Structures are given as structure tokens and as C-alpha cells.
Amino acid sequence: MNYLALRPEYIIEFCSGIGGLSLGLAAALEGGTIVCHVEREATAAAVLVARMADGSIPAAPVWDDLQSFDGRPWRGVVQGIIGGIPCQPFSVAGK
């Protein structure tokens, strides 16, 4: 099987933080693009928007609540999902 042919092109990123996974994905996976972020923390979301504005990461919508995120509109559009791990000692999500 040719695993290179299975590389995802469009990806949703959950718990995006400040976009570290997006930057790593761009470096590691040619052609992979984050098409939607889900990030609850306002400060982190603001950094994501700033990175989009300066061209560090591609522009994409930022959803602010993982629990209410509706993935149905993304069916057939995205080929993959990635996610960060909340920083428990610092996250407002709690322990």
C-alpha cells in the first residue's frame, strides 16, 4: 500500500492553542492544510488570528467550543483531525 497517497490534505485541529501543531504540520506534511481550528482560550485564539494575519498559518475559522462544535458540515471535506493536549495546570478547562 502506498501510504504517501493517504496523506490528508484538509485537516481540523482541536485544542489548537497558539498554532504549534499547525506550524509543525506545515513543515512535516507538504500539502496538508488546517481548514478549521477549535480553541476555547481567547488569548490563544487571538494568537491564531494574528498568525493567520501575518501569513504564518493559513486563514481558517476558529471555533470556540469543542462541546458544541458540529463536525457534520466537514464530512467529505476533511481527511484528518489533529489535536493538542490542554495544559492542565494552566487551562480554564480544569483538571
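The following exercises, each with a worked solution, concern a predicted model of one protein chain.

In this predicted model, local features need pLDDT of at least 70 and side-chain atom pairs count only at pLDDT 80 or more, while totals for chains, interfaces and linings use all residues. Residues are numbered from 1 along each chain as its sequence is written, and side-chain values use heavy atoms, with hydrogens and water left out.

**Exercise 1. The overall fold**

Determine how many helices and strands the protein chain has, and which pattern they follow along the sequence.

Solution. Step 1: apply the rule that helices (H or I, at least four residues) and strands (E, at least two) are DSSP runs, numbered from the N terminus. Step 2: the count for the protein chain is 2 helices and 4 strands. Step 3: along the sequence, these elements follow the pattern β-α-β-α-β-β. Step 4: a contact means heavy atoms within 4.5 Å. Among contacts between residues at least 6 apart in sequence, 64% join residues at least 24 apart.

**Exercise 2. The sheet**

State the order of the strands in the sheet and identify the edge strands.

Solution. Step 1: strands of a sheet pair through backbone hydrogen bonds, either parallel or antiparallel. Two strands are taken to pair if DSSP finds at least two bridges between them. Step 2: the 4 strands form an open sheet in the order β3-β2-β1-β4, with parallel pairing. Step 3: β3 and β4 each pair on one side only, and these are the edge strands. Step 4: β1 and β2 (residues 33-38) run parallel and are joined by 5 bridges. Tyr 10 stands opposite Thr 33 in β2, and Ile 11 stands opposite Ile 34 in β2. Step 5: helix α1 (residues 20-28) packs on the sheet, where it touches β1, β2 and β4. The direction of α1 makes about 170° with that of β2; axes are lines fitted to C-alpha atoms, for helices over the stretch in contact, and angles run from 0 to 180 degrees between N-to-C directions.

**Exercise 3. Burial**

Find what share of the protein chain is buried, and how many residues of β1 are buried.

Solution. Step 1: buried means under 20% relative accessible area, exposed over 50%, and partly exposed in between (1.4 Å probe, protein chains only). Step 2: of the 95 residues in the protein chain, 26% are buried. Step 3: in β1, 4 of the 5 residues are buried, and the strand is mostly covered. Step 4: Cys 15 lies in the loop between β1 and α1. Cys 15 is partly exposed because its relative accessible area is 29%. The phi angle of Cys 15 is near 50°, a positive value in a residue other than glycine.

**Exercise 4. The aromatic cluster**

Identify which aromatic residues are linked into a cluster by ring pairs.

Solution. Step 1: rings of Phe, Tyr and Trp (its six-membered ring) pair if their centres lie within 6.5 Å; planes under 30 degrees apart count as stacked, over 60 as edge-to-face and the rest as tilted. Step 2: this rule gives 2 aromatic pairs. Step 3: the ring centres of Phe 14 and Phe 69 are 5.5 Å apart and the planes stand at 85°, so this pair is edge-to-face. Because Phe 14 lies in strand β1 (residues 10-14) and Phe 69 in the loop between β3 (62-63) and β4 (80-83), the pair ties together parts that are 55 residues apart in sequence. Step 4: Trp 63 and Phe 69 also form an edge-to-face pair, with 6.0 Å centre to centre and 75° between the planes. Step 5: Phe 14, Trp 63 and Phe 69 are thus linked into a cluster. Within it, Phe 69 counts as buried at 15% relative accessibility, whereas Trp 63 counts as partly exposed at 38%.

**Exercise 5. The loop between β3 and β4**

Decide whether Trp 74 is buried or exposed, and list the residues that it touches.

Solution. Step 1: Trp 74 lies in the loop between β3 and β4. Step 2: Trp 74 has 18% relative accessibility, so it counts as buried. Step 3: not counting residues up to four places away in sequence, Trp 74 touches Ile 12, Val 35, Cys 36, Pro 61 and Phe 69.
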